[in-house]
Amino acid sequence: MAAAAELTLLEKSLGLSKGNKYSAQGERQIPVLQTNNGPSLTGLTTIAAHLVKQANKEYLLGSTAEEKAIVQQWLEYRVTRVDGHSSKDDIHALLKDLNSYLEDKVYLTGYNFTLADILLYYGLHRFIVSIRVAGFFSVMFRMIFLS
């Protein structure tokens, strides 16, 4: 999912009215938001945090110093580890690590839903869909041609 589409979904889930226009810069298509009140904002997590503050839902950024740090850690994980990695081995390792981390947690910070959960979901969604679709076609192939 392109960053602009993710940010639009985030706006909607935060209850913000549509109106932000996003562009992308560079080879990696880094999102850019031109604000009305100042300079443009660059980067998925920077813009997402801005939208959270704009919606007055800052609890999504964490409520304690430790939780805020964990949210930032997972936002950085999203950008550095999830984005741009599409090999089957990378995806498998990411999902295995995440599964292990979440073994005794409800959300990434423990028991509180945060922006990190939202953006990691958006980032991993395409991988999960491709796994499900590939699995579906694999089953259909076996049913049709190997029966």
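**Exercise 1. Describe the surroundings of A116 in this predicted model, beginning with its contacts beyond the local sequence.**

Solution. Once the neighbours within four places in sequence are set aside, A116 is in contact with V71, W74, L75 and L108. The residue itself belongs to helix α5, which spans residues 115-145. To decide whether A116 is buried or exposed, take its relative accessible area, which is 1%; because buried means under 20%, A116 counts as buried. A further spatial relation concerns T45, which is 71 residues away from A116 in sequence, although the two C-alpha atoms are 9.1 Å apart in space.

**Exercise 2. Establish how much confidence the predictor assigns to the chain, and where that confidence is lowest and highest.**

Solution. Start with the whole protein chain, whose mean pLDDT is 85, with 86% of its residues reaching 70 or more. Then turn to the individual elements: the lowest confidence is found in α5, at a mean of 71, whereas the highest is found in helix α2 (residues 44-54), at 95. As a caution for the reading of such values, predicted coordinates should not be read in detail where pLDDT is low.

**Exercise 3. Work out the order and the pairing of the strands in the sheet.**

Solution. Take the pairs of strands in turn. Strand β1 (residues 22-25) and strand β2 (residues 30-33) run antiparallel and are joined by four bridges, and within this pair Q25 stands opposite I30, while A24 stands opposite P31. These two strands form a hairpin with four residues between them, and G26, which lies in the turn, has a positive phi of about 80°. Next, β2 is joined by two bridges to strand β3 (residues 41-42), again in an antiparallel arrangement, with V32 standing opposite T42 of β3. Putting the pairs together gives an open sheet of three strands in the order β1-β2-β3, with antiparallel pairing. The edge strands are β1 and β3, each of which pairs on one side only.

**Exercise 4. Determine how α1 and α2 are placed with respect to the sheet and to each other.**

Solution. Consider the sheet before the helix pair. Helix α1 (residues 3-14) packs on the sheet, where it touches β1 and β2, and its direction makes about 150° with that of β1. Helix α2 lies across β1, β2 and β3 and runs at about 35° to β2. For the two helices themselves, the axes come within 10 Å and cross at roughly 15°; because angles under 35 degrees count as roughly parallel, α1 is roughly parallel to α2. The crossing of α1 and α2 is right-handed. At the residue level, A3, E6, L7, L10, E11 and L14 of α1 meet L44, I47, A48, L51 and V52 of α2.

**Exercise 5. Carry out the corresponding analysis for α3 and α4, and identify the residues that make the contact.**

Solution. The geometry comes first: the axes of helix α3 (residues 65-82) and helix α4 (residues 88-101) come within 13 Å and cross at roughly 165°. Since angles over 145 degrees count as roughly antiparallel, α3 and α4 are roughly antiparallel to each other. Their crossing is left-handed. The contact is made by I70, W74, Y77, R81 and V82 on the side of α3, and by L94, D97, L98 and Y101 on the side of α4. One of these residues, W74, links back to the first exercise, where W74 is among the contacts of A116.

Methods. Residues numbered from 1 in each chain as written. Predicted model: local features only at pLDDT ≥ 70, side-chain atom pairs only at ≥ 80, totals over all residues. Heavy atoms only, no water. Buried < 20%, exposed > 50% of the residue type's maximum accessible area, 1.4 Å probe, protein only. Contact = heavy atoms within 4.5 Å. pLDDT = per-residue confidence, 0-100. Pairing = 2+ DSSP bridges. Axes fitted to C-alpha atoms, helices over the stretch in contact; angles between N-to-C directions. Parallel < 35°, antiparallel > 145°, perpendicular 65-115°, else oblique. Left-handed = near helix turned anticlockwise from the far one by under 90°.
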